[in-house]
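Trainee: Got a minute? I have a new structure open and would like to walk through it with you.
Mentor: Sure, put it up and ask away.

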Amino acid sequence: MGSDAPALPCPLTDEQQHTWRNFVYATRLVEDHLDRCFQRQAGVPHLYYGLLVLLSEAPHRRMRMSELARRAKITRPRLSHAVSRLEKSGWARREACPGDRRGQEAVLTDRGREMVARAAPGHVAAVRRAVFDSLTPEQAGQLSSICRAIEEGLDREGADVPWLR
């Protein structure tokens, strides 16, 4: 008689387990470092600054909410909550999408653009301190390639990605 229990996955090798844990610990520490810096500097999480930067780089400083969620790699409910907080600060607003009454766009306000400009030097310093000061230029290039490979592996057609939830 065969077992109906699913087969257990092959365990990680010792080297894979070590790499995995280093990755998890490093990403948690970097995000915590940047969050603390932004809480002190602007009273908002690092994620909110990232949303403002994405809007500042978008044509006419506006982006459809679904596209903003995709680029930020977050769920639509999390984005909606974040944009509500940004609206309360006067840094962003929502507007109906032209030609699509159901869709909304997030728009960076002048105050939001000023906040991004004020916060950018501190952000650059915090990122440099948290990531690049510990890496050689070759390691930085490798890290970029590794992160891109992980992103592409997870962001495939039909994948359970956050911005579709």
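**Loops, helices and bridges**

Mentor: Start with K73, which is partly exposed, because its relative accessible area is 32%. One caution before we go on: this is a predicted model.

Trainee: Noted. Where is K73 found?
Mentor: K73 sits in the loop between α3 (65–72) and α4 (76–88).

Trainee: And what is the phi of K73?
Mentor: It is near 60°, a positive value in a residue other than glycine. Most residues other than glycine have a negative phi.

Trainee: Which residue in the loop between α2 and β1 should I look at?
Mentor: Try R61, which is found in that loop, ahead of β1 (62–64). R61 is not a glycine, yet has a positive phi of about 55°.

Trainee: What about G43, where does that one come?
Mentor: G43 comes just after α1 and takes a positive phi of about 75°.

Trainee: Let's do α1 then. How many residues does α1 have?
Mentor: It has 29 residues. From first C-alpha to last, α1 reaches 42 Å, close to the 42 Å expected at 1.5 Å a residue.

Trainee: Which residues of α1 are buried?
Mentor: V24, H33, L34, C37 and F38 are buried there.

Trainee: What do the buried residues of α1 pack against?
Mentor: They pack against α2 (46–57) and α5 (110–130).

Trainee: Zoom in on H33. What is H33 in contact with, leaving aside its neighbours within four places in sequence?
Mentor: H33 is in contact with A126, R129 and A130. H33 counts as buried because its relative accessibility is 16%, and the cut-off is under 20%.

Trainee: How many of the 12 residues of α2 are buried?
Mentor: Nine of the 12 are buried, so α2 is mostly covered. Among them are H46, Y48, Y49 and L51. As for length, α2 reaches 17 Å from its first C-alpha to its last, close to the 16 Å expected.

Trainee: New topic. How many disulfides does the structure hold?
Mentor: Zero. A disulfide is a covalent bond between the sulfur atoms of two cysteines.

Trainee: Why is there no bond for C37?
Mentor: The closest cysteine sulfur to that of C37 is in C147, 19 Å away, so it is too far for a bond. A disulfide needs the sulfur atoms within 2.5 Å.

Trainee: And are those two cysteines buried or partly exposed?
Mentor: C37 is buried, with a relative accessible area of 10%. C147 counts as partly exposed, at 36% relative accessibility.

Trainee: Switching to the surface. Which residues make the nonpolar patch?
Mentor: L12, W20, F23, I146, I150 and L154 make a nonpolar surface patch of about 600 Å². The elements that give two or more residues to this patch are α1 (14–42) and α6 (137–154).

Trainee: Which element gives the largest share?
Mentor: α6 does, with three residues.

Trainee: Tell me about W20. Where is W20 found?
Mentor: W20 is in helix α1. At 46% relative accessibility, W20 counts as partly exposed.

Trainee: Now charges. How many salt bridges are there?
Mentor: The count comes to 14.

Trainee: Which residue does E151 meet in a salt bridge?
Mentor: E151 meets R148, at 3.1 Å from N to O. These two are three residues apart in helix α6, so they are separated by about one helical turn.

Trainee: Why does that spacing matter?
Mentor: An α-helix has 3.6 residues a turn, so residues three or four places apart point the same way.

Trainee: Which residue does D110 meet in a salt bridge?
Mentor: D110 meets R113, at 3.7 Å from N to O. Those two are three residues apart in helix α5, again about one helical turn. D110 counts as partly exposed at 46% relative accessibility, and R113 is partly exposed with a relative accessible area of 45%.

Trainee: Last one. Which residues are linked in a network of salt bridges?
Mentor: R62, R93, E95 and E105 are linked that way. Within the network, E95 forms a salt bridge with R93, with the closest N and O atoms 2.7 Å apart. E95 counts as partly exposed at 25% relative accessibility.

Methods. Residues are numbered from 1 along each chain as its sequence is written. This is a predicted model: local features need pLDDT of at least 70, side-chain atom pairs count only at pLDDT 80 or more; totals for chains, interfaces and linings use all residues. Side-chain values use heavy atoms; hydrogens and water are left out. Patches are made of residues with over 30% relative accessible area and no salt bridge: like charges are joined within 9 Å, nonpolar side chains (Val, Leu, Ile, Met, Phe, Trp, Tyr) within 5 Å. Accessible areas come from the Shrake-Rupley method with a 1.4 Å probe; for residues, only the protein chains shown count as cover. A salt bridge is a side-chain nitrogen of Lys or Arg within 4 Å of a carboxyl oxygen of Asp or Glu. Helices (H or I, at least four residues) and strands (E, at least two) are DSSP runs, numbered from the N terminus. Buried means under 20% relative accessible area, exposed over 50%, partly exposed in between (1.4 Å probe, protein chains only). The expected span of a helix is 1.5 Å times one less than its number of residues. Contact means heavy atoms within 4.5 Å.
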